[in-house]
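Here are some questions and answers on how two protein chains meet. Look at the sequence and the structure before reading on.

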Number of protein chains: 2
Amino acid sequence: MNGGMGDTSYASNSLVQQKVISMTKPIAEEAISNLYCSTSPSSLAIADLGCSSGPNTFFLVSELIEVVDKLCRNLGRQSPEYQVFLNDLPGNDFNTIFKSLPSFLKRMSQQLGPDSGPCFFSGVPGSFYGRLFPTKSLHFVHSSYGLQWLSQVPEALESNKGNIYMASSSPPGVLRAYYEQFQRDFSMFLSCRAEELVTGGRMVLTFLGRSSEDPSSKECCYIWELLALALNDMVSEGLVEEEKMDSFNIPQYTPSPSEVKSEVVKEGSFSIDHLEVSEVNWNAYDSGFNSSDAVSDGGYNVAKCMRAVAEPLLISHFGDAIIEEVFRRYKEILSDRLSKEKTRFINVTVSLIKRE
Amino acid sequence: MNGGMGDTSYASNSLVQQKVISMTKPIAEEAISNLYCSTSPSSLAIADLGCSSGPNTFFLVSELIEVVDKLCRNLGRQSPEYQVFLNDLPGNDFNTIFKSLPSFLKRMSQQLGPDSGPCFFSGVPGSFYGRLFPTKSLHFVHSSYGLQWLSQVPEALESNKGNIYMASSSPPGVLRAYYEQFQRDFSMFLSCRAEELVTGGRMVLTFLGRSSEDPSSKECCYIWELLALALNDMVSEGLVEEEKMDSFNIPQYTPSPSEVKSEVVKEGSFSIDHLEVSEVNWNAYDSGFNSSDAVSDGGYNVAKCMRAVAEPLLISHFGDAIIEEVFRRYKEILSDRLSKEKTRFINVTVSLIKRE
């Protein structure tokens, strides 16, 4: 993710991710309501894993606190203390989050009123594919659009030439390597969280995923195939080394609902409360009801969103000299495709309960 | 504090602060040993308040973990999980801390060996003059060279013309305003921590302080008087507006041991285990046993140390145009004085136990 608050930052280009959080919010709200009613902790510990930095960082957590607070008022109970852990990798821009915390807390306390419990925020740097919190110290875990990122690029992708992700032209071994990396990673994620959550604790996870059982289906691979097109054009013009292109792969896996379910069942620590699929337009400004500039300039919006997410990966592999040109070409390709077809991201959301 | 890792950063100019932590370490080690032996928690929560960023940030905490781990081996007990909260103001450079965390954790786990409990670090942005943690969630609190910083510049310092801190020429009302601000702030600090610590929990606090009962004594005020000299020289040359100089005051109070004791007794939540005074040379490189360049260049070292701490305060009041010149003059004044006299910072350390 790009840090800071500038034009190419994640903070300024994460409307798709915010829409997804809004869409899946009812599932998280139901889960935390049930959790609160069944356990009534005096201090409620919530972790948001892969919080990134920007407007989305506080968005869901503040909604969850509001839900619990309202519930307490309705039940005539005292509002709990809230302990919120914002987690992301150590390179995330926590300084920007922390600088905006005082004004966020002020707004929230005005909104909730004087009877609301105090909120204690902290930042937790580290990979969620390892332990992050003490044993049985969390009540609720949320993660949105983080878990499709693998802990590493899968090994043995040498044969994935000309592609930067799973594609219809990828050999079967490539698809298998990606899937196995997902299985290892997600299984590790589940067993770490199982240690950290109290019995009855809840977890709501949204993946960028797919609905099809075909791992190279267009619905999940197309967005990266178009970026590969831009890169391959630059290879053919001698602007990018072919070898560099062939050794670049995106460390992502977009699972189907049944693949998510299968890992949960295998790992065994959680029961599934809900498992849902939803969709969001690539161009988050396109709600289907208007035709403003933001919609017509869809290629621009989508390219900026993808740049905010993928630029650090591209820079660390290709250097920064090619960045402007890659994203200029990507934007053109995206604009062309978006004028001809409706393209959507698929979200897989799972709501889990920690077993005894 | 100046962020980052550069030449004027706090990280590169905090040897005095590190020496102070080293000197007072035995008190903290004894306190955490007693705490562990009397409570044996399976998860031990430690907070370092005013952690800043740089080599000092992990220094004491890693020593404390080592002490508990050794104790566990000697007692044949399983090492606890460690939860470490690093606190400072929201503008602190947490990104630099977090980026160095993975390599620190690796070194620590090699040093402690495989039987040591896992360590979970988080960053907590906020003022320690308010609540930072849930009720009864901490076992041990440490703070070194943070608590002499007041929550704000005391009000009603208009008569403190020509000075930037308490000085022998300050009117009595100025000294009183400083002391009353210290009393309000430290009392608030104690009552917040009393809520957050478990019964029997421990707290070891080191102030930049004084041994004399005279609040304007040279041992605590001289370092700022010399900076005021540099600023007044610039006023007389028309480089700094007199009005700007007259309205600038350092938000610091360096208490005596009896002033610290008095607030602890009045607040009532803690009993005092130890109360000690120690000293450290202004020039941390001067150990009294050598005469290297670092010693002879004492003015340079002290000016850099003070710049790393005070530059943001000066910039926010005077703007950044005067900074290089102020510190050039300050360095010259310091070099001159250090060649003629031995000057020391006084440390007041108090070790406290949370009552029932």
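Q: How many residue pairs are in polar contact across the interface of chain B and chain A?
A: This is a predicted model, in which local features need pLDDT (the predictor's confidence in each residue, from 0 to 100) of at least 70, side-chain atom pairs count only at pLDDT 80 or more, and totals for chains, interfaces and linings use all residues. Residues are numbered from 1 along each chain as its sequence is written, chains are lettered from A in the order in which they are written, and side-chain values use heavy atoms, without hydrogens and water. A polar contact is a pair of N or O atoms within 3.5 Å; within protein, one must be able to donate a hydrogen and the other to accept it, and residues adjacent in sequence count only if both atoms are side-chain atoms. With both residues at pLDDT 80 or more, the rule finds 10 residue pairs.

Q: Which residue of chain A meets Glu81(B) in a salt bridge?
A: A salt bridge is a side-chain nitrogen of Lys or Arg within 4 Å of a carboxyl oxygen of Asp or Glu. Between chain B and chain A the count is 2. At 3.4 Å, N to O, the partner of Glu81(B) is Arg131(A).

Q: What relation links chain B to chain A?
A: A turn of 180° and a shift of 0.0 Å along the axis lay chain B on chain A with an RMSD of 0.0 Å (least squares on the C-alpha atoms of residues with pLDDT of at least 70 in both). That is therefore the relation of a two-fold axis.
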